[in-house]
Amino acid sequence: MVTILIVDDDDSLRASFEKLLAAEGYRVHSAANGLEGIELAKRLKPDLAIIDMKMPGMGGLELFGRLKEVASLMPVIVMTAYGTTETAIKATKMGAFDYVLKPFDIPALLRLIGQAAEAGRFMKSTVTLGGTGAGAVPGGDEESIVGISPAMQEVYKSIGRVAASDATVLIRGESGTGKELAARAIYQHSNRSGRPFVVINCVAIPETLLESELFGYERGAFTGATHRKIGKIEQANGGTLFLDEIGDMPLELQTKILRLLQERSIERIGGRETIPVDVRIIAATNRDLEGAIKEGRFREDIYYRLKVVTLALPPLRERKGDIALLTDYFLRRHALELGMANPGISQEGLKLLGSYEWPGNVRELSNVIQKLLIFHRGGAITQESIARSLGQDVVSEDPWKDPEEIIRRWVRGRLERREDDLFERLLDECSRVILSEALAATEGNRSQAARLLGISRPTLHARMDKYGITVGARINAGDTEDPAKQ
């Protein structure tokens, strides 16, 4: 649960914040002044702070500086009235995550808080490289890039070589291969690790908002621009800017990003001031950039500026030797998150995971393991459970090993035929199977079969006649033909 610290001298505002954010699932603590806020920050180690700029005694700028001394990677959102906007902008340039104006737009404020909490998690959580992931704590503030295959060894070497420099990095790979984890690993092993790590997903943000989100704007730049807004590039000053899915960035914005890469400066929308910025650029894409250049959808000059260093992440199907390690890691991680014991996985199940092509790569494997744990019913995870999660139709070598699966398939077949007397037909079918199995087990001895089932011999005969069962016949679940006619 994300812990948020609120610092404001307005009692009613703090109470409203506590009620609003608690309803959203956050853990909230509040302080009425800066000194009290600092003490709470030292004791509670919050994930995010929201502070007022104008308070008696210690002002917002001083409080911001003191909070950064306590927790340098904790995002801070500053609150301000229109009259103190310039002070809030100054705090943002000093490293505040963002600022909000009073009175608040509640939906926008909640979105901003969510973004800040996620940014804080990115900056604080450790990404470990290499090996089996067995030494990592599966959960909390640590994640691992798992794998010992030759392809992944090359990835680890590349991250180690490029992290210490300020070179621009282009991370390429299919969806789900771990591009964001690789970017975070580069950031955390760099000399900018104590500075902001700002993430922009070029697909998640609507095209009409992406420019203002990146570059900010001046007051009056467009309808609704009632105050100056600092963009994400300025917020990342001194740190790292991660442009995810850059292959989907509109051409118009690519020109502005090119200027950032060449001149290390930007202009806000509606502004004439050239603003120098010191940011390291890491970009990622799953697109065919070379093909996009030929089709005129991506600028060739920005392509060469981005690929100073290229890091290629292999798809999971090309490193299947890592699947067992990844499966073990995700079992431990998701079991801990779900508060349950790790059930393990059968050898047949592990073999099935290894034979699957994984079009969604590591992310798909993680999701499948999580789903299997959510619906787990005891014992090791089986091949049949995995097959259902993957949408495959795998029949056990022993068709009688899993009676629940037999009934499940029978019901699905009848539903597809839209049979209305489903329950009565199911009872009849189960009775037919049980009678047949009892006769087969007793090698056709009707007296022994009757005793085995706990019924009289006349009752056995009557039910054999009802279901058309002949001595020695064995009925498979799902058969629709009368066995007497086979």
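## A predicted chain, from overview to single residues

Of the 486 residues in the protein chain, 47% count as buried, where buried means under 20% relative accessible area, exposed over 50%, and partly exposed in between (1.4 Å probe, protein chains only). The structure is a predicted model: local features need pLDDT of at least 70, side-chain atom pairs count only at pLDDT 80 or more, and totals for chains, interfaces and linings use all residues. Residues are numbered from 1 along each chain as its sequence is written, and side-chain values use heavy atoms, with hydrogens and water left out.

The protein chain has 20 helices and 16 strands; these are DSSP runs numbered from the N terminus, with helices being H or I of at least four residues and strands being E of at least two. Among contacts in the protein chain with a separation of 6 or more, residues 24 or more positions apart account for 67%. Contact here means heavy atoms within 4.5 Å.

### Two helix pairs

Let us start with helix 1 (residues 11–23) and helix 5 (residues 106–124), whose axes come within 12 Å and cross at roughly 65°. The axes are lines fitted to C-alpha atoms, for helices over the stretch in contact, and angles run from 0 to 180 degrees between N-to-C directions. Helix 1 and helix 5 are therefore roughly perpendicular to each other. For that wording, angles under 35 degrees count as roughly parallel, over 145 as roughly antiparallel, 65 to 115 as roughly perpendicular and the rest as oblique. Helix 1 passes helix 5 in a right-handed crossing; a crossing is right-handed if the near helix is turned clockwise from the far one by less than a right angle, and left-handed if anticlockwise. On the helix 1 side, Phe17, Leu20 and Leu21 meet Ile106, Leu109, Leu110 and Ile113 of helix 5. By class, this contact of helix 1 with helix 5 has seven nonpolar, no polar and no charged residues. In this scheme Ala, Val, Leu, Ile, Met, Phe, Trp, Tyr, Cys and Pro are nonpolar, Asp, Glu, Lys and Arg are charged, and the others, Gly among them, are polar.

The second pair is helix 6 (residues 150–163) with helix 7 (residues 179–188), which pack at an angle of about 40° with their axes 8 Å apart. That angle makes helix 6 oblique to helix 7. Their crossing is right-handed. Ile159, Val162 and Ala163 in helix 6 meet Ala182, Ala185 and Ile186 in helix 7, and the residues of this contact divide into six nonpolar, no polar and no charged.

### Asp52 and its surroundings

Asp52 lies in strand 3 (residues 48–52). An unreviewed UniProt entry carries the annotation "modified residue: 4-aspartylphosphate" for Asp52; UniProt positions are given in the numbering used here, feature names are shortened, and annotations may be inferred rather than shown by experiment. Asp52 is buried, with a relative accessible area of 5%. Not counting residues up to four places away in sequence, Asp52 touches Val7, Asp8, Asp9, Gly60, Met79 and Lys102.

Lys102 also appears in a backbone feature: the peptide bond from Lys102 to Pro103 is cis, with omega near -5°. Pro103 sits in the loop between strand 5 (98–101) and helix 5.

### Leu261 and Glu273

Leu261 is in helix 10 (residues 251–263) and is buried, with a relative accessible area of 7%. Leu261 touches Thr168, Ile281, Ile302, Arg305 and Leu306, not counting residues up to four places away in sequence. Of these, Ile281 is 20 residues from Leu261 in sequence and 8.0 Å from it in space, C-alpha to C-alpha.

Glu273 is placed in the loop between strand 13 (265–266) and strand 14 (275–276). Glu273 is partly exposed, with a relative accessible area of 45%. Leaving aside neighbours within four places in sequence, Glu273 is in contact with Ile266, Glu267 and Arg268.

### Positive phi in two loops

Most residues other than glycine have a negative phi, and most peptide bonds are trans. Two residues with positive phi are set out here.

| Residue | Phi | Loop | Relative accessible area |
|---|---|---|---|
| Lys45 | near 50° | between helix 2 (34–44) and strand 3 | 55%, exposed |
| Glu443 | about 55° | between helix 18 (422–441) and helix 19 (446–453) | 77%, exposed |
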